[in-house]
Amino acid sequence: MIRPILKFGAPELETESTPITRFDQEIKTLAEDMLETMYSAPGIGLAAPQVGVNFRLLVIDITGGEEKGHQIIFTNPEITEQEGTQEAEEGCLSIPGFIAVVERPSKIHVVGQDLEGNPQELDAEGLLARVVCHEIDHLDGILYLDRASFLKRDLIKRKIKKLIRAGEW
Ligand code: NI
């Protein structure tokens with residue numbers, strides 16, 4: 001089931017999410033819904049707070065479903081190692097219509113669990129590392145805007161305020 005994606009301004013997006021301790025059907029359904037929601041958006045990553053659920057769950061597919069075998073589902077992900085930096089423009093399904101340059105690590109090692117609660121780890125670099133960092137930030141209530149330059153952040157926030165006033169957000 002496709003769930004509505006919350007937009008900038010929703011309190012869930014600025015809330016630190018809770019670790020998952022019960023790997024029940026509710027979590028599996030949520031992950032399925034998040035994948036469907038991400039693919040239909042379309043997007044390449046989605047975190048549970050973006051659909052209004054403050055649990056530490058994320059889904060990623062950097063091919064947007066174009067190629068098989070790229071689907072990633074992580075519960076309770078944590079970056080345990082990182083290396084180098086990369087800069088590129090980033091967007092977010094919760095901040096549609098805007099992009100900004102964000103610095104991220106170029107390589108990361110992530111540990112966490114799958115939907116059954118089994119340990120899971122991942123080495124990522126390039127775009128995948130960027131997306132994983134972006135989605136883990138969501139679980140901590142951090143948006144990419146918080147990591148953009150002050151000027152860019154200010155500009156985007158002012159434009160969003162105007163859209164909100166116009167009833168277009
Ligand atoms: Ni996002």
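Contact here means heavy atoms within 4.5 Å. The points below concern a predicted model.

1. Glu90 and its surroundings. Glu90 lies in strand S4. Leaving aside residues up to four places away in sequence, Glu90 is in contact with Phe98, Ile99, Ala100, Val102, Arg104, Arg130, His134 and Tyr144. With a relative accessibility of 4%, under the 20% limit, Glu90 counts as buried.

2. Polar partners of Glu90. The side chain of Glu90 makes a polar contact of 2.7 Å with the side chain of Arg104. A further polar contact, of 2.5 Å, joins the side chains of Glu90 and Arg130. Both arginines also appear among the residues that Glu90 touches.

3. The nickel site. Which protein atoms serve as donors of the nickel ion? They are SG of Cys92, NE2 of His134 and NE2 of His138, at 2.1 to 2.2 Å from the ion. Along the chain, the donors follow the spacing C-x41-H-x3-H. Cys92 and His138 link distant parts of the chain, being 46 residues apart: Cys92 sits in the loop between strand S4 (86–90) and strand S5 (100–104), whereas His138 belongs to helix H2 (residues 126–139). His134, one of the donors, is also touched by Glu90.

4. Burial of two donors. Are Cys92 and His138 buried or exposed? Cys92 has 9% relative accessibility and therefore counts as buried. His138, at 1% relative accessibility, counts as buried as well.

5. The largest nonpolar core. This core has 16 residues, of which Ile60, Ile108, Val110, Leu122 and Val132 touch the most other members. Two or more residues come from each of strand S2 (57–60), strand S3 (72–83), strand S6 (107–113), strand S7 (119–125) and H2. The greatest contribution is that of H2, with 7 residues.

6. Ile60 and the second core. Residues up to four places away in sequence again being excluded, Ile60 touches Met38, Ile44, Gly45, His70, Gln71, Ile72, Leu128, Val131, Val132 and Glu135. A second core, separate from the largest one, has 15 residues, including Ile27, Met34, Met38 and Leu115. Met38 of this second core is thus named among the contacts of Ile60.

7. Helix H3. This helix covers residues 150–165, 16 residues in number, and its first and last C-alpha atoms are 22 Å apart, close to the 22 Å expected at 1.5 Å a residue. Gly167, just after H3, adopts a positive phi of about 70°.

How values were computed
Residues are numbered from 1 along each chain as its sequence is written. This is a predicted model: local features need pLDDT of at least 70, side-chain atom pairs count only at pLDDT 80 or more; totals for chains, interfaces and linings use all residues. Side-chain values use heavy atoms; hydrogens and water are left out. Helices (H or I, at least four residues) and strands (E, at least two) are DSSP runs, numbered from the N terminus. The expected span of a helix is 1.5 Å times one less than its number of residues. Donors are N, O and S atoms within 2.8 Å of the metal (3.2 Å for Na, K and Ca); water is not among the atoms, so sites may look incomplete. Buried means under 20% relative accessible area, exposed over 50%, partly exposed in between (1.4 Å probe, protein chains only). A polar contact is a pair of N or O atoms within 3.5 Å; within protein, one must be able to donate a hydrogen and the other to accept it, and residues adjacent in sequence count only if both atoms are side-chain atoms. A nonpolar core is a set of buried Ala, Val, Leu, Ile, Met, Phe, Trp, Tyr and Cys residues joined through side-chain atoms within 4.5 Å.
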